[in-house]
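The following paragraphs lead through a structural model, beginning with its internal space and then turning to the chain and to a single residue.

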Amino acid sequence: MFVRWLLPLLGALSAKADFFQFDSISNVSTYYFNYIYCNIWEGECQPNQDDATQQVPTRDLWAGFPQDYISLLHQWYCSLGQCCESGDCRITNNITGLARDLQTKLHGQHLAQSVVLKAIQGFINNPESNKPLTLSFHGWSGTGKNFVARIIADNLYRDGVKSECVRLFIAPFHFPHARLVDTYKGQLREAIRDMVLRCPQTLFIFDEAEKLHPGLIDAIKPYMDHYDNVDGVSYRRAIFLFLSNIGGATINDVALDFWHSGQNREDIGMEDLEHRLRTETMESQGGFAQSELMSGHLIDFFVPFLPLEYRHVKLCARDAYAARGLETDEATLDEVAKAMLYVPKEERLFSAQGCKSIPQRINFFLP
């Protein structure tokens, strides 16, 4: 299909050559070669926006050229993902999709659903924000912190967590040795700066943030502060997510108190948790609490993830089966949910593992 219309296009180009200056033709050819080399073959290159060979050809170059061929070339070029009406095709900012996914895919987390949507939507709708958006996710493992981070990435970026505008750092994996903290500082600053220069809107995810060295967080603290720029680079369109288990006990205590008093967990509000969560984070051990990120009050929202109950575990199991294209029944979902460990032991109220191990556990219940 491509060859069928490319040949006449090239023939028409020869017939219409008098409409162009040869240096313009050279620039157009060089641009498309550079684009294919950098993006299709993934060659090592750094596009220079001041170089004419790296600029998208303007419509003036095509004056007098048959419109049908221009449209065909434009469709092919855009099919490679280089252009779109919204600007940078890597960035989708699908707030409607974000709201839908948080509502339908995230179970038992009404506070996270509300706070995350409000924070992201407010940031996206305010291009003149005076600082980057910084969110801190707190709660037990398996309650959905990583899951929500992926939902955010999937709806803000075309390629989700694989986008070149998204970077995930796992503290024990990327920064395992305290003695190398000075080396890590330089590497982390460079990684963040380079991505901000490449993408007009970036997402940085720090998993197991409580294990980050305080000096490491302080090294990037200026990027999250109220500065117009840092060394000539603006970081105001960046989003920082910090994920940690800090505050999990406090969140669980509040949820248990509500249950003992006969109140619905959906009645738990941010006013019941935010102050206590902030205090516990400040008093906790580890680099995250000791960093200037906390003392400088640069975290915009502390997002609590509540412990999951039996009914939420069943919903996670249902989703895991559906993701594999498998049908199931209530009896099977009950079997999966019963196989999980719950606390307090005498009441079997909260899943100690959340939904984290559900995709693996359902393997034991497959025929």
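What volume does the largest cavity have? In this predicted model, the largest cavity has a volume of about 30 Å³. A search of the whole structure for cavities of 30 Å³ or more finds 1. Rolling a probe the size of a water molecule over the atoms shows where empty space is left.

The lining of the largest cavity draws on Pro132 together with Pro222, Tyr223, Asp225, Tyr227, Asp228, Asn229, Val230, Val233, Ser234, Tyr235 and Arg236. Sorted by class, this lining comprises 7 nonpolar, 2 polar and 3 charged residues.

The protein chain as a whole contains 16 helices and 7 strands. It has 367 residues, of which 45% count as buried. The exposed area of the protein chain is about 19,300 Å², with carbon and sulfur atoms supplying 51% of it. Contacts that link distant parts of the sequence can also be described: among those between residues at least 6 apart, 74% join residues at least 24 apart.

Ile170 offers a local view of the chain. This residue belongs to strand E2, which spans residues 166–170. Is Ile170 buried, partly exposed or exposed? Ile170 counts as partly exposed because its relative accessibility is 26%, a value that falls between the 20% limit for buried and the 50% limit for exposed. Leaving aside residues up to four places away in sequence, Ile170 touches Phe175, Asp207 and Glu208. Lys211 lies 41 residues from Ile170 in sequence, while the C-alpha atoms of Ile170 and Lys211 are 9.1 Å apart in space.

Technical notes: Residues numbered from 1 in each chain as written. Predicted model: local features only at pLDDT ≥ 70, side-chain atom pairs only at ≥ 80, totals over all residues. Heavy atoms only, no water. 1 Å grid on protein atoms, 1.4 Å probe; cavity = no way out; pocket = protein on both sides within 12 Å on 5 of 7 lines; lining within 4 Å. Points joined across faces, edges and corners; volume = space filled by probe spheres on them. Nonpolar A, V, L, I, M, F, W, Y, C, P; charged D, E, K, R; others polar. Helix = DSSP H or I, 4+ residues; strand = E, 2+ residues; numbered from the N terminus. Buried < 20%, exposed > 50% of the residue type's maximum accessible area, 1.4 Å probe, protein only. Contact = heavy atoms within 4.5 Å. Areas by Shrake-Rupley, 256 points an atom, 1.4 Å probe, with all protein chains shown as cover.
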